[in-house]
Amino acid sequence: MAYQSINPFTNQVEKTFENTTDEELEQTLTTAHQLYLDWQKYNDLEERKRQILKLGQILRERRVEYATVMSKEMGKLISEAKGEVDLCASFCDYYAAHADEFIQPKIIATTSGRAKVLKQSLGILVAVEPWNFPFYQIARVFIPNFIVGNPMILKDASNCPASAQAFADAVKEAGAPAGSLTNLFLSYDQVNKAIADKRVAGVCLTGSERGGATVAKEAGANLKKSTLELGGNDAFIILDDADWDLVEKVAPAARLYNAGQVCTSSKRFIVLEKDYDRFLKMMKDAFSKVKMGDPLDPLITLAPLSSKKAKEKLQKQVDTAVENGAKVYYGNKLVDMEGQFFMPTILTDITPDNPIFDTEMFGPVASVYKVSSEEEAIELANNSSYGLGNTIFSNDSEHAERVAAKIETGMSWINSGWASLPELPFGGVKNSGYGRELSSYGIDEFTNKHLIYEARQ
């Protein structure tokens, strides 16, 4: 596995990184484990809070520098990359402010004596993270686990090594001790070796179903805790009482943000028969107005896909859909530009027997479905092996909530596209994985809920 930073706009190799040796992995495990023991002994929560706040300061001060690294490495629009850095900085503020509340012992009501539950760190964690949000994906797992006292070894995607190293360097600059977050350029065999190591307590992964199944199998074989976020095929349901001005504002961006390379982006748009033609025309109009080009140019509105491999995979998926009866309402034409650009595309008439029906398409491709009733919309939304996010549009909040409660998913958004905030738990069900990140849940996943009990004499 070659760790290379390849600019998807210019197709040029920016930098290549040497793979981590087994000796370097062993040294990292030794350092991180000693740090875990030191944190257990001295309980330096106040110091960790100061270091996390310093990390937030560094991220804000150097947001343009970090955003540029991400844009050059995976093609993200510079405005979106700056927003990603800002979001990570907000995580620092949030966990520093709420650390004491999240970690404090919980008193258990019992008439038989005195009882409390302590939240204690578990040990080293291995984080296997993807390329689509190079800073955010790391921050989402690292910051809460650093606060609680779990050192972390990072294995990031092989196509965004510069971003991963930049984040790890920022953590070091913030004063975090050696072993807090170590970015390693590991092979998959080395990842398995690390998971199996007795000093490692757990593993968290964001990625593909295949990758998640492999990591979960290794974690299970070694009795290690794991959390997985494995993508989605999120529904965007427009109810009969929706505000169409808001729909027209939100729907295109819900699919095209980050060039459509978002696990929680809306991918299946479910529309009532009476609104079907109106919705298609609106989406076509929006998709036809995108401006492709250099993601560092603030006037550009659609970035290239992250890599040639990603573009080829998406094209193959669209071809498969069409070969099996789907119709192209708009797009699916070659973009005559340098870089890994994919023309925004709208597909219709995808039937349940189409191989693409239950497949996540990671890019600017919208699948639009026509239904005759709200009940049919709910049934279609649930007819998926995924269950990550879901969006519902309605002018009646209670109505929207009643529908949301019937969707088999980990997260539902009402009258807005997907969102990620530090106080909101993030995660899914079904083949979208298990476990939660962010909010207090991000602290809880990898803590020992240690009961202390004294019986009444």
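Helix α13 spans residues 397–404, and in this predicted model its residues H399, A400, V403 and A404 are buried. These four cover an arc of only 135 degrees around the axis, so they sit on the same side of α13. If you like a general rule to go with that picture, an α-helix has 3.6 residues a turn, so residues three or four places apart point the same way.

What do the buried residues of α13 pack against? Their partners are α12 (374–382), β16 (390–393) and β17 (413–414). Turn the helix over and you meet the exposed residues E398 and E401, carried on the face of α13 directed away from its buried side. E398 also has a part to play at the start of α13: its backbone nitrogen lies within 3.1 Å of a side-chain oxygen of D396.

Let us move on to K370, which is found in strand β14 (residues 365–371). Is K370 buried or partly exposed? Its relative accessible area is 46%, and because buried means under 20% and exposed over 50%, K370 counts as partly exposed. Once its neighbours within four places in sequence are set aside, K370 is in contact with V271, E273, Y276 and E376. You can also look at D349, 21 residues away from K370 along the chain, where the C-alpha atoms of the two residues are separated by 8.4 Å.

Our last stop is on the surface. Here I108, L451 and Y453 make a nonpolar patch of about 280 Å². One of these residues, L451, belongs to strand β20, which runs over residues 447–455.

How values were computed. Residues numbered from 1 in each chain as written. Predicted model: local features only at pLDDT ≥ 70, side-chain atom pairs only at ≥ 80, totals over all residues. Heavy atoms only, no water. Patch = residues over 30% accessible without salt bridge, like charges linked within 9 Å, V, L, I, M, F, W, Y side chains within 5 Å. Areas by Shrake-Rupley, 256 points an atom, 1.4 Å probe, with all protein chains shown as cover. Salt bridge = Lys/Arg side-chain N within 4 Å of Asp/Glu carboxyl O. Helix = DSSP H or I, 4+ residues; strand = E, 2+ residues; numbered from the N terminus. Buried < 20%, exposed > 50% of the residue type's maximum accessible area, 1.4 Å probe, protein only. Contact = heavy atoms within 4.5 Å. Arc of directions from axis to C-beta. Polar contact = N/O pair within 3.5 Å; in protein donor to acceptor, adjacent residues only side chain to side chain.
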